[in-house]
Amino acid sequence: MKRISLLSFFLAGLLSFNLILSGHVPAAHAEDPGTVYYVSQSGGDDANDGLTEDTPWQTLAKVSGMTFEPGDRILLKAGERWTNETLVLHGSGTATNPITLSAYGIGSKPVISPQIVDSSAITLHNEAGWKVTGLELEKAMMGINLEYDNVYNMEFIWLEDLFIHDMDDTYNSNPNKYNHFSVGIAWMGNQAASTFHLKNITMKSIVFDRINSPLWQGAISRHTNSAGFGINARFGDITIQDLTSTNSKQWGYNFNFMVNATVTDISTANVGIVSADSDGVNPYGIGGIVVAYSRDMVFDGVNIHNVSKGAQGYDGVGFDFEGGLEASNIMLRNAVIDGTDGAGLMIFNNGGVGGTAGAHADTVTITNFGRSPGNSSGGIKFFPDSGTGTIKNATIDRGSSNSPFIEGPTTGFTLENMTYIPDVNRADFIRMEDVLAGNWRDRFGKEGYRIEQGEDKLPDYVEFAVSGQTDSVVWETDSADYRALTDAKGEHRRAAAVYADRGAELVYDLNLKDGLVHQIALYMVDWNRSGLKQKVWVEGAGEEVLIAEKEISDFGEGKYYVFNAAGPVKVKTTVVEGERAVISGVFFGASKATAPMTVNKTSAAPKLDGNVGSEEWSSADIIEMSYEKQVANGDGSLIGGGAHTDLTGELRLIWDRFGLYLAGEVKDSEYFNPYGTGDPLNNNDVIQVTLDPLNKKTSGTADAYIFDFVPTSGADHSGAGTWFEHWKWGSSDYRAGVKVAGKLTGDGYALEAFIPWDALKKNGESFQVVPGMKMGIGLMIGDFKANGQLKGILTNFGQGENAIGDASAYRTVIFAEKQEADAVVSRGKIITASSNNAPSSSPLMAIDGNEATSWVAANGDLPQWLEVDLGRAYSLSGIDQLFLTNDPWKYTVQGSLNGEDWTTIVDQTANTEQGPSFTHAVE
C-alpha cells in the first residue's frame with residue numbers, strides 16, 4: 001500500500017463529490033480472530049472441514065493431529081461425551097490472542113472420559129497461550145497435564161469453569177509413586193528453581209471431586225528416578241480463584257514451586273478419607289493444603305474441612321507450610337480449618353531441607369483438631385527449624401478434646417492476639433517426695449528440665465522466666481554428694497540454686513502455652529543443713545491463688561515439690577526461717593529413664609549373606625522388637641500414627657575396629673518394598689539404624705546419621721538395598737563402604753549389614769571406637785501392608801512424634817568387650833527404694849559393688865523394698881545378696897518384664913539361715 005501524507009484537489013465547476021479512502025488503520029490491540037473449529041461426537045465426521053456447526057469433526061484424535069494458531073477456537077458440542085481417547089493440543093497462542101478450547105451449543109459441559117491407564121484427558125506439551133473453559137474431565141490419571149520439557153519462559157495459561165472428577169487409583173498403574181499421582185491439573189517440568197517454565201497462569205471457578213490430588217506441580221516422568229524423584233519445575237505470576245475440591249485421597253491442593261501467586265476463595269473437604277473406593281494412602285503425608293518450595297504467595301479466603309491422616313497413619317493436617325529450598329513470604333489469611341486428624345496448621349522443615357522464611361497467618365480459626373493424632377495433634381504444630389513468621393488474630397478452639405493449642409518449638413515465630421478456647425488456667429498440688437535426692441532422672445523430667453547453673457532443656461510448650469529479687473549460688477561444681485542434681489546423662493553432679501533473700505520473692509513464671517495439664521517438680525535442698533524453712537504457693541494469670549501456701553522444712557537431704565498445672569502460672573517461694581529461699585531445678589513430666597545398651601566386640605567379622613548364623617553372632621545380645629515390648633513396656637513409642645502392628649523382630653549388634661555389624665530377623669505377614677537401589681527406603685518395610693557418633697544428643701533435627709536396610713529392592717525383589725544419609729543433609733547419599741545382604745523368608749525376612757566407622761565421619765567427626773566409648777543409637781523397624789499402607793513403626797528409643805530425627809531421644813550404646821556369663825548385670829542400673837536413711841546411705845550403694853557401703857531404710861517399718869531396672873530382659877544365672885548383719889533375713893525376690901506382672905524368683909519368707917550373705921541359683 002502506498003503511504004499518503006497529503007491530499008490536494010482542484011475543483012472546476014460544480015459537482016457532487018464523495019471521497020472514500022480504503023486502507024488499514026491499525027487498532028491498538030486488535031488481534032487476528034483466528035479460525036473456529038467445531039467437534040461433535042454424535043454428528044461429526046473427521047472428513048469434514050470442521051468449520052461450521054453443520055460440518056464438525058468427530059474425534060479428539062482429529063483435533064490432536066492439528067496444530068493451531070493464535071486466536072483459533074476449538075469448540076466441543078455441549079452435552080456430548082468422548083470416551084476411550086485423549087486430547088493432545090498443539091500450537092501456542094499469546095496472552096492477548098490465545099487459542100481457546102471450549103464448548104458450543106446448549107446443554108451440559110462436554111465430557112472427555114479417557115478410561116485409559118496412565119492417561120491424561122488433555123495434554124499440553126511445551127505449549128502455552130491457551131484458554132480452556134467450560135469442560136468436564138473424568139476417569140483418567142490426570143485431567144489436564146501441562147508439561148514443559150527443556151522449554152522456558154512460556155507465557156499464559158487460562159483454565160476456567162471446569163468440572164474434573166474421578167482421577168483416582170483406577171487409571172493409575174502406580175498411584176503412590178512420587179510425581180505419578182492421580183491429579184486434576186498437573187504442572188510439570190524439569191528445571192532448577194531459578195528458571196521459569198511458565199508464567200501468567202490463571203485458574204478460576206473449577207470444581208474437583210474424587211481426585212487423589214486436585215493440583216500437583218513437579219517433575220515430568222522422564223526426569224525422575226524409579227521412586228519418582230527428580231528436578232522440578234518453577235512457575236510464576238499466578239492467579240487462582242474460586243476452587244472447590246471434595247473427596248481427595250492424598251491432598252486437597254498442592255502449591256509447589258510457585259512464585260508471585262494470589263490464591264483467593266478456595267475450599268477443600270473430605271481429604272484422605274478411607275472408604276470402599278479409597279484406601280487413603282499417601283506415603284508423603286496427607287494434608288488439606290500444602291505449600292512447598294514456593295515464595296511470595298498470598299492465600300485469602302480458605303476453607304478446609306475434614307482431613308484424615310488416612311491409612312498411612314501420619315499428618316492429616318489442615319494447612320501445611322511445608323518449607324523447602326527458597327520457601328519464603330507465604331501469607332495465609334481469613335481461613336477456617338475445621339476437623340483434622342492431626343494439626344490444624346502445620347509449620348514444617350521439609351524433612352530437614354529447610355522451613356519457610358516468612359510463614360504468616362492472620363485471622364485464622366482452627367477447630368476440631370487432633371482427632372486421631374499421628375505425628376501431630378495441636379491447633380498449630382511447629383517442627384524444629386521450620387523457619388520464621390507471625391501468627392496473629394488466630395482463634396484455636398479444641399472443644400472437649402485434650403489436644404494442645406500450640407505444639408512444638410515456636411522459635412523464630414511471633415504469636416499475637418491469640419484466642420484459646422477453652423482458656424485453661426489451673427494448678428493442683430500432688431505430693432512432696434524425699435527419697436530421690438539429686439537422682440531425678442528415673443522419676444521426673446521426661447518432657448524437659450532446667451537445672452540451675454547447669455543444663456537447660458525446656459519443653460517446647462513452656463515459656464519460662466525467673467523474676468523477683470533473685471541471685472544464684474554454686475556450692476559445688478563437680479560434686480560427689482548424692483544431694484546434688486545429676487546431669488541428664490547421670491554422669492556428673494552440680495550443687496547450685498537460684499535464691500531470694502529474706503523479704504524477697506523467688507518467682508518461676510511459667511506459661512504452659514499448649515493448654516494441657518503437665519506435671520512439674522521443683523527440687524529444693526538446704527545444702528548446708530542449716531534448718532531452712534520456706535513456703536511455696538502457685539498463682540494464676542490474674543494473681544489468684546491456685547495452690548495455697550505450703551511450708552517446706554527439713555529438706556537438708558533434698559525434696560521435690562510436685563504439682564500439676566496448665567496455662568500461665570507463677571510459682572512463688574519466700575523464706576520462713578533462715579537466710580534465703582532456694583530452688584535448684586524444675587522438671588517437667590514424669591520419667592522412665594532408658595538404660596544404656598551394651599554392644600559387644602567380635603573377634604571375627606560375620607559373613608554378610610543374609611543367613612544369621614548363631615555362632616558368628618554369639619557375642620551379640622538379642623534386642624527384641626514388638627508392639628507389646630515397645631509400647632506396653634514403655635521402652636519406646638509406636639510412632640508414625642499406626643494403631644497397631646503384628647510385626648516382631650530380633651536385632652543383634654556387634655562391633656570391631658572396622659565398624660558396626662547389624663543382623664535382623666523379622667516376622668512380617670506382608671512385605672512391601674517397590675523401590676530400587678539408590679532410592680530413599682524409609683516408606684516401606686525397612687530396618688533403620690540412626691547413629692549419633694559423638695553422643696551429642698542434639699535436640700530437634702539431629703546431627704546424626706540414618707541408615708536404611710531392606711532385604712530386597714524393586715518390584716522384581718532383586719538384591720538387598722541400602723540408603724545412607726546424614727539427617728541434616730536431606731537426600732544426600734553417602735553409601736560408600738556400607739554393605740547389606742538379605743533374603744525373604746517364609747514368614748518375613750532376614751538381613752545382615754555393615755556400617756564402617758568412616759561412614760560416621762562425613763561431618764568432620766573424629767573418634768576411635770574402643771571399649772567404654774558411648775554413642776547415640778536408635779533402632780527402628782517399619783511395617784507396611786502390601787499396598788503401601790502404614791501399619792506401624794517400632795523403635796527401641798524415644799517418646800512421641802518424630803523421635804527418629806531427635807538425637808536427644810536416642811539410646812546410649814556402650815561398646816564393650818564380650819560380657820562373661822557371670823557378669824553382674826545390676827551394676828550401674830536404675831534403682832529406687834521404699835525409703836532411705838539419708839545422708840549416710842543411698843539405694844545406689846546397694847549395687848555399687850563396694851561392701852563398705854550399703855542402703856539403709858529410713859526406719860524399721862516393714863515391708864521395705866528395692867527395685868532395680870535392668871533396662872532389658874536378661875537370663876539370670878544367680879542372685880547374690882549381702883546384708884549388714886548375720887540375722888536370719890526374710891525376703892522375696894521377684895522379676896517382671898513389664899513392671900506390672902511379677903513372678904517370684906526367690907522366696908525366703910520362712911528363712912531360718914543366718915546371714916549376712918545369701919546366694920541363690922536361678923533355674
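**Figure 1. The surroundings of glycine 134.** Leaving aside residues up to four places away in sequence, glycine 134 touches Ala103, Lys109, Pro110, Glu160, Asp161 and Leu162 in this predicted model. Glycine 134 is placed in the loop between strand 8 (130–133) and strand 9 (136–138), and with a relative accessible area of 11% it is buried. One of the residues it touches, Pro110, shows how the fold brings separated parts of the chain together: proline 110 and glycine 134 are 24 residues apart in sequence, and their C-alpha atoms are 7.7 Å apart in space.

**Figure 2. The protein chain as a whole.** For orientation among the close-up views, the protein chain has two helices and 60 strands, and 53% of its 923 residues count as buried. Its accessible surface comes to about 38500 Å², and 47% of that surface belongs to carbon and sulfur atoms. When contacts between residues at least 6 apart in sequence are considered, 74% of them join residues that are at least 24 apart.

**Figure 3. An open sheet of five strands with parallel pairing.** The strands of this open sheet follow the order 4-7-10-12-14, and their pairing is parallel. Strand 4 (87–89) and strand 14 (213–219) stand at the edges, where each has a single partner strand, so one side of each is left without a neighbour in the sheet. On average, and with direction ignored, neighbouring strands of this sheet are turned by 15° against each other. Within the sheet, strand 10 (residues 142–147) and strand 12 (residues 183–189) run parallel and are joined by five bridges; glutamate 147, for instance, has methionine 188 in strand 12 as its bridge partner.

**Figure 4. An open sheet of six strands with parallel pairing.** In this open sheet the strand order is 16-18-20-22-24-26, and the pairing is again parallel. Strand 16 (251–256) and strand 26 (406–407) are the edge strands, each pairing on one side only. Strand 26 runs parallel to strand 24 (residues 380–382), to which two bridges join it, and in this pairing isoleucine 380 has isoleucine 406 of strand 26 as its bridge partner.

**Figure 5. The surroundings of asparagine 282.** Asparagine 282 lies in the loop between strand 17 (258–271) and strand 18 (286–292), and although it belongs to a loop, it is buried, with a relative accessible area of 0%. Not counting residues up to four places away in sequence, asparagine 282 touches Gln250, Trp251, Gln312 and Tyr314. The backbone oxygen of glutamine 250 lies 3.1 Å from a polar atom of the asparagine 282 side chain. Glutamine 789 is 507 residues away from asparagine 282 along the chain, yet the C-alpha atoms of these two residues are separated by 8.0 Å.

**Figure 6. Two separate nonpolar cores.** The largest nonpolar core has 83 residues, and Phe255 and Phe299 are those with the most contacts inside it. Phenylalanine 299 touches Phe255, Val263, Ile266, Ile289, Val291, Phe319, Ile330, Met331, Leu332 and Arg333, not counting residues up to four places away in sequence. A second core, separate from this one, has 45 residues, among them Met597, Val769, Met773 and Ile793.

**Figure 7. Strand 42 and two strands that pair with it.** Five of the six residues of strand 42 (residues 585–590) are buried, so this strand is largely enclosed by the rest of the structure. Strand 30 (residues 444–451) runs antiparallel to strand 42 and is joined to it by five bridges, with glycine 448 having phenylalanine 588 of strand 42 as its bridge partner. Strand 37 (residues 518–524) also pairs with strand 42 in the antiparallel sense, over four bridges, and here alanine 521 stands opposite phenylalanine 587 in strand 42.

**Figure 8. The surroundings of arginine 652.** Arginine 652 lies in strand 45 (residues 648–655); its relative accessible area is 14%, and because residues under 20% count as buried, arginine 652 is assigned to that class. Its side chain is joined to that of glutamate 665 by a polar contact of 3.1 Å. Not counting residues up to four places away in sequence, arginine 652 touches Val612, Trp617, Ala620, Asp621, Ile622, Tyr661, Leu662, Ala663 and Glu665.

How values were computed. Residues are numbered from 1 along each chain as its sequence is written. This is a predicted model: local features need pLDDT of at least 70, side-chain atom pairs count only at pLDDT 80 or more; totals for chains, interfaces and linings use all residues. Side-chain values use heavy atoms; hydrogens and water are left out. Two strands pair if DSSP finds at least two bridges between them. Axes are lines fitted to C-alpha atoms, for helices over the stretch in contact, and angles run from 0 to 180 degrees between N-to-C directions. Buried means under 20% relative accessible area, exposed over 50%, partly exposed in between (1.4 Å probe, protein chains only). A polar contact is a pair of N or O atoms within 3.5 Å; within protein, one must be able to donate a hydrogen and the other to accept it, and residues adjacent in sequence count only if both atoms are side-chain atoms. Contact means heavy atoms within 4.5 Å. A nonpolar core is a set of buried Ala, Val, Leu, Ile, Met, Phe, Trp, Tyr and Cys residues joined through side-chain atoms within 4.5 Å. Accessible areas come from the Shrake-Rupley method with a 1.4 Å probe; for residues, only the protein chains shown count as cover.
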